[in-house]
Amino acid sequence: MTTAYTQLHERKRTWTPVQVSAGNLLPGGEEVIQRALSLRILEIPVGNFITDAMKGDLPNEIGCKELLLSNIDDEINHDLALNYAAAVHPVPEKIQAEASKIAKTWIGFDAHPVLKAAILERSVFFVLLPIFFTFAATSFVIM
Ligand SMILES: [Fe+2]
């Protein structure tokens, strides 16, 4: 049986993060990439928020649980891919420390875990993707 959840799941493409080599960043955009990469520490928390949400009531529809589990796996891959990128484009400690404060604040924010995950995906990671394409297109963008 097809549901909205199974349809979303079937539309996903499989990909495997791979190590990358350092390439050229768009001149002047180096700090933008460093700050974008620093926020990779929020990838695993997105998966954790989804895990937390799964402890509550889920829609009783075919494919819902499987889609959410798949989303958690996606976050692990996102984390791995961005860690590969950060390995060749290191993030200064000061910038990483700022991102850690952001992560700590967001993790502790008192809101429903689905809301916290959705806001991170839509307001942070969906925004970062075009930034990576723009400033690091010839470097490490593999997503
Ligand atoms: Fe992600």
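Trainee: Let's start with alanine 118; in which helix is it found?

Mentor: Alanine 118 is found in helix H6. Please keep in mind that this is a predicted model.

Trainee: What makes alanine 118 buried, exposed or partly exposed?

Mentor: Count the C-beta atoms around it. Alanine 118 has 15 other C-beta atoms within 10 Å. A buried residue needs 20 or more, and an exposed one has 12 or fewer. The value for alanine 118 lies in between, so this residue is called partly exposed.

Trainee: How far is alanine 118 from leucine 82 in sequence and in space?

Mentor: They are 36 residues apart in sequence, and their C-alpha atoms are 19 Å apart in space.

Trainee: And threonine 51, why is it called partly exposed?

Mentor: The reasoning runs along similar lines. Threonine 51, in helix H3, has 16 other C-beta atoms within 10 Å. Since partly exposed covers counts between 12 and 20, threonine 51 is partly exposed. Its C-alpha atom is 22 Å from that of alanine 99, a residue 48 positions away in sequence.

Trainee: How do you know whether alanine 103 is buried or partly exposed?

Mentor: Alanine 103, which lies in helix H5, has 19 C-beta neighbours inside 10 Å. Buried starts at 20, so alanine 103 counts as partly exposed. Setting aside neighbours within four places in sequence, alanine 103 is in contact with Ile41, Leu42 and Pro45. Its C-alpha atom is separated by 28 Å from that of leucine 8, 95 residues away along the chain.

Trainee: On to the helix pairs. Why is H2 called oblique to H5?

Mentor: Two packed helices are described by the angle between their axes and the distance between the axes. Helix H2 (residues 30-38) and helix H5 (residues 93-108) pack at an angle of about 40 degrees, with their axes 9 Å apart. Roughly parallel would need an angle under 35 degrees, and roughly perpendicular runs from 65 to 115. The angle fits neither range, so H2 is oblique to H5.

Trainee: Which hand does the crossing of H2 and H5 have, and which residues make the contact?

Mentor: The crossing of H2 and H5 is right-handed. From H2 come Gln34, Arg35 and Ser38, while H5 brings Ile95, Gln96, Glu98 and Ala99. By type, the residues of this contact are 2 nonpolar, 3 polar and 2 charged.

Trainee: What makes H3 roughly antiparallel to H6?

Mentor: Look at the angle again. The axes of helix H3 (residues 43-54) and helix H6 (residues 113-135) cross at roughly 150 degrees and come within 8 Å. Angles over 145 count as roughly antiparallel, so H3 is placed in that class relative to H6. The crossing of H3 and H6 is left-handed.

Trainee: Which residues make the contact of H3 with H6, and how do they divide by type?

Mentor: H3 contributes Val46, Phe49, Ile50, Asp52 and Ala53. H6 contributes Pro113, Val114, Lys116, Ala117, Leu120 and Glu121. They divide into 8 nonpolar, no polar and 3 charged.

Trainee: How do H2 and H6 pack?

Mentor: H2 and H6 pack at an angle of about 145 degrees, with their axes 10 Å apart, and H2 passes H6 in a left-handed crossing. Val32, Ile33 and Ala36 of H2 meet Leu128, Ile131, Phe132 and Phe135 of H6. The residues of this contact are 7 nonpolar, no polar and no charged.

Trainee: Which residues of H2 are buried, and which helices do they pack against?

Mentor: Ile33, Ala36, Leu37 and Ser38 are the buried residues of H2, and they pack against H4, H5 and H6. Beyond its neighbours within four places in sequence, alanine 36 is in contact with Leu128, Ile131 and Phe132.

Trainee: Which residues touch the most other members of the largest nonpolar core?

Mentor: Ala36, Leu37 and Val46 do, in a core of 19 residues. H2, H3, helix H4 (64-88) and H6 each give two or more residues to this core, and H6 gives the most, with 5.

Trainee: Finally, how many helices and strands does the chain have, and what share of its residues is buried?

Mentor: The chain has 6 helices and 0 strands. Of its 143 residues, 20% count as buried. Among contacts with a separation of 6 or more, 88% join residues 24 or more positions apart.

Note on methods:
Residues are numbered from 1 along each chain as its sequence is written. This is a predicted model: local features need pLDDT of at least 70, side-chain atom pairs count only at pLDDT 80 or more; totals for chains, interfaces and linings use all residues. Axes are lines fitted to C-alpha atoms, for helices over the stretch in contact, and angles run from 0 to 180 degrees between N-to-C directions. Helices (H or I, at least four residues) and strands (E, at least two) are DSSP runs, numbered from the N terminus. A crossing is left-handed if the near helix is turned anticlockwise from the far one by less than a right angle, and right-handed if clockwise. Two residues are in contact if their C-beta atoms, placed from the backbone, lie within 7 Å. Ala, Val, Leu, Ile, Met, Phe, Trp, Tyr, Cys and Pro count as nonpolar, Asp, Glu, Lys and Arg as charged, and the others, Gly among them, as polar. A nonpolar core is a set of buried Ala, Val, Leu, Ile, Met, Phe, Trp, Tyr and Cys residues joined through C-beta atoms within 7 Å.
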